[in-house]
Amino acid sequence: YFNDYYRLKTIVFVAITIGVIYFVYTILNPGPKTVLHVTSINNSIDMETAETLENNLSDYLNLDKDKENVFIDTTLYLSDESTMTEMTMASQQKLTTLFYSGDIDIFIAPEAEFASYAKAGFFSKLSDQLTTEMCSYFADSFYHTQTEEDPAKGAYGIYLKDSMIYDETGQPVENPVLGIAVNSKYAENAVEFIRYIFELKK
């Protein structure tokens, strides 16, 4: 009993020590900082394409890969209200948290799902983010809508049918739309993402 008592105390002490060391290590040696967070809903971007984009965009943005990275989240799924699932509810909760914390820079979703977030005011008006030349280029590709706070229609998204994300036939899946989060921390990188996937010159 005596040996078991001290053996248990030793195990607990070692476990706590390891935990403290790991905590201190993560504080002193944080992982790469995400400087572009793209959230893609309902497989708007497939996982293989997402991984390729992460690597290529890191090079395109001249990131120090030991300190900075691009993250494309393809894990969220939203169904319509008539078929609400636990996955949809969990995705909605995660999205709300990410939007309000400013952790999403680019949001991509099928048009129907994009529309509800656009009307709720989650995206920046693209005329405030893109250059004049880019606005002219996307004039026929903009997604226009009103928001709850602004009754005047504006361009809050871009249809992705002509981007490199999709196959050579140019047929997008469920007509996806891209928007820049209204409180994006890295809006400049978000603009560069748009420039990259449409193969526009800087």
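Biologist: Let's start with strand 5: how many of its residues are buried?
Modeller: This is a predicted model, so keep that in mind throughout. Strand 5 covers residues 154-159 and is largely enclosed by the rest of the structure. That follows from its count of buried residues, which is six of the six.

Biologist: Which strands pair with strand 5?
Modeller: On one side there's strand 4 (residues 142-145), running antiparallel to strand 5 and joined to it by four bridges. Another antiparallel pairing, over two bridges, is made with residues 176-180, that is strand 6. So the partners, going by the bridges, are strand 4 and strand 6.

Biologist: And which residue of strand 6 is the bridge partner of Tyr-159?
Modeller: Strand 5 ends at residue 159, and its pairing with strand 6 is antiparallel. For comparison, the partner of Phe-142 in strand 5 is Ile-158. For Tyr-159, the bridge partner in strand 6 is Val-177.

Biologist: Over to strand 1. Which strand does it join through six bridges?
Modeller: Strand 1 (residues 33-40) is largely enclosed too, because six of its eight residues are buried. It also pairs with strand 3 (residues 106-110), but that parallel match has three bridges, with Val-38 opposite Ile-106. The six bridges, also parallel, go to strand 2.

Biologist: Is the crossover from strand 1 to strand 2 right-handed or left-handed?
Modeller: The two strands run parallel, and Leu-36 has Val-70 as its bridge partner in strand 2. Between them the chain passes through helix 2, giving a β-α-β crossover. Its hand is right-handed.

Biologist: Glu-54 caught my eye; which side chain of opposite charge is nearest to it?
Modeller: Glu-54 sits in helix 2 (residues 47-60) and is buried. Beyond its neighbours within four places in sequence, it touches Val-70, Phe-71 and Ile-72. A salt bridge needs nitrogen and oxygen within 4 Å, and Glu-54 has no such bridge, its nearest candidate being 10 Å away. That candidate is Lys-65.

Biologist: Then which residue forms a salt bridge with Lys-65?
Modeller: Lys-65 is partly exposed, at 44% relative accessible area. Its partner is partly exposed as well, at 46%. The closest N and O atoms are 2.9 Å apart, and the partner is Asp-59.

Biologist: How many residues apart in sequence are the parts tied together by Lys-185 and Asp-103?
Modeller: Their side chains meet in a salt bridge at 3.2 Å, N to O. Lys-185 belongs to the loop between strand 6 and helix 6, while Asp-103 is in the loop between helix 3 and strand 3, so the pair links parts with a sequence separation of 82 residues.

Biologist: In the salt bridge of Arg-195 and Glu-192, what is the relative accessible area of Arg-195?
Modeller: Both residues lie in helix 6, three residues apart, or about one turn, with closest N and O atoms 3.5 Å apart. Glu-192 has 18% relative accessibility, so it counts as buried. Arg-195 is buried too, and its relative accessible area is 10%.

Biologist: Zooming out, what share of the chain's residues count as buried?
Modeller: The chain has six helices and six strands. Of its contacts with a separation of 6 or more, 67% link residues 24 or more positions apart. Among the 202 residues, the buried share is 42%.

Conventions: Residues are numbered from 1 along each chain as its sequence is written. This is a predicted model: local features need pLDDT of at least 70, side-chain atom pairs count only at pLDDT 80 or more; totals for chains, interfaces and linings use all residues. Side-chain values use heavy atoms; hydrogens and water are left out. Buried means under 20% relative accessible area, exposed over 50%, partly exposed in between (1.4 Å probe, protein chains only). Lys and Arg count as positive and Asp and Glu as negative; His and the chain ends are not counted. Contact means heavy atoms within 4.5 Å. Two strands pair if DSSP finds at least two bridges between them. A crossover is right-handed if, with the strands pointing away from the viewer, the path from the first strand over the helix to the second runs clockwise.
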